[in-house]
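Thanks, everyone, for making the time this morning. I would like to walk through one structure with you, starting at the ligand and working outwards, so please keep the view open while I talk.

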Amino acid sequence: MKITKADFVKSSKEIKDLPSGDKPEYAFIGRSNVGKSSLINMLTGRKNLAKTSSTPGKTQLINHFLINDNWYLTDLPGYGYAKTSKANRSEFQKMIRSYLKERSNLVNTFLLIDARHKAQKIDLEFMQWLGRNHIPFAIVFTKADKLSSNQLAKQIKTYQTEMLRQWASMPPYFVSSSVSGLGRKAILDYIEHLNTQLSNHFSKK
Ligand code: GDP
């Protein structure tokens, strides 16, 4: 898919503030510092569309971008951040979870995982929750350039083994680098494929 347009739509603090759900939507989520803003900028080919966060967890907003006037890319706040109160955090987690459960035009959620790290409890639990709630997701292993191809293959294999202790099969997954652009085509093709499949559904809206 060629990205011809990428426009910021709005930042929402609450579910009621979200833009209308008239187009297919793809959400990006992960622990803070996983490389989410960099990935969004890499995918859209815009340097500063998503703001790389200097203060992890500071901006607890759902950011919507409209791509090619055709689909929404949603930047969800990072989880597992430290610099906010516990009460604030859980309130916010509730909001994200309501968004994921209730956003009826949400086609897929991309869960970002730093390719260098071994499986983390917070991510595995979040995947379990997505599964229980029948929320489709795919994994994106980020920062692949920081590993050699051998190390990368080994890391992904280990991650798969860990996941398959809880899952019958792996969800779709991608390997990305915001530095080299690795993964860009595969992720955008995946989105395009889903958009095509759903074009009837959304054109009737
Ligand atoms: P976010 O908090 O998830 O939005 O993460 P950012 O996109 O702000 O990235 C966090 C840090 O990781 C920054 O210093 C980025 O430059 C770096 N980073 C992000 N993606 C990559 C990548 O693919 N490769 C490398 N080498 N560094 C990355």
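Let me begin with a question: how far from an oxygen atom of the ligand does a backbone N or O atom of V34 lie? In this model, which is a predicted one, the separation is 3.2 Å. A backbone N or O atom of N33 also faces an oxygen atom of the ligand, at 2.9 Å, and from S38 a polar side-chain atom lies 2.6 Å from an oxygen atom of the ligand. As for how much of the ligand is covered, the ligand taken alone exposes 570 Å², and the protein buries 77% of that.

If you now look at the whole shell, there are 15 residues around the ligand, and those that come nearest are K36, S37, S38, D145 and S178. Sorted by class, that shell holds nine polar residues, four charged ones and two nonpolar ones.

Let me stay with V34 for a moment, because its backbone oxygen lies 2.7 Å from a polar atom of the side chain of T142, counting as a polar contact because the pair is within 3.5 Å. T142 is found in strand β6, and T142 counts as buried because its relative accessibility is 2%, where the limit is under 20%. Beyond its neighbours up to four places away in sequence, T142 touches V34, L112, I113, D114, A115 and S176.

Next, please turn to helix α1, residues 36-44. Eight of its nine residues are buried, so the helix is largely enclosed by the rest of the structure; the buried ones are K36, S37, L39, I40, N41, M42, L43 and T44. After α1 comes G45, with a positive phi near 70°.

One of those helix residues, M42, is also touched by S177, whose other contacts, leaving out residues up to four places away in sequence, are A144, D145 and L182. Where does S177 lie? It sits in the loop between β7 (173-175) and α5 (184-197), and although it belongs to a loop, S177 is buried, with a relative accessible area of 1%.

That brings me to the interior. The largest nonpolar core has 31 residues, and those with the most contacts inside it are L76, Y99, L100, F126, M127, I139 and Y159. Two or more residues come from each of β2 (25-30), α2 (86-102), β5 (106-114), α3 (121-132), β6 (137-142) and α4, with α3 giving the most, at five residues. To take M127 as a case, and setting aside its neighbours within four places in sequence, this residue is in contact with L111, I113, F137, I139, Y159, M163 and W167. There is also a second, separate core of 26 residues, which includes Y26, L49, F65 and F110.

I will finish on helix α4, residues 149-163, where T158 is found. Is T158 buried, or is it partly exposed? T158 is partly exposed, because its relative accessible area of 47% falls between the 20% and 50% limits. T158 and A119 are 39 residues apart in sequence, and their C-alpha atoms are 8.4 Å apart in space.

That is where I will stop, and I am happy to go back to any of these views.

Notes. Residues numbered from 1 in each chain as written. Predicted model: local features only at pLDDT ≥ 70, side-chain atom pairs only at ≥ 80, totals over all residues. Heavy atoms only, no water. Near = heavy atom within 4 Å. Polar contact = N/O pair within 3.5 Å; in protein donor to acceptor, adjacent residues only side chain to side chain. Areas by Shrake-Rupley, 256 points an atom, 1.4 Å probe, with all protein chains shown as cover. Nonpolar A, V, L, I, M, F, W, Y, C, P; charged D, E, K, R; others polar. Helix = DSSP H or I, 4+ residues; strand = E, 2+ residues; numbered from the N terminus. Buried < 20%, exposed > 50% of the residue type's maximum accessible area, 1.4 Å probe, protein only. Contact = heavy atoms within 4.5 Å. Core = buried A, V, L, I, M, F, W, Y, C linked by side-chain atoms within 4.5 Å.
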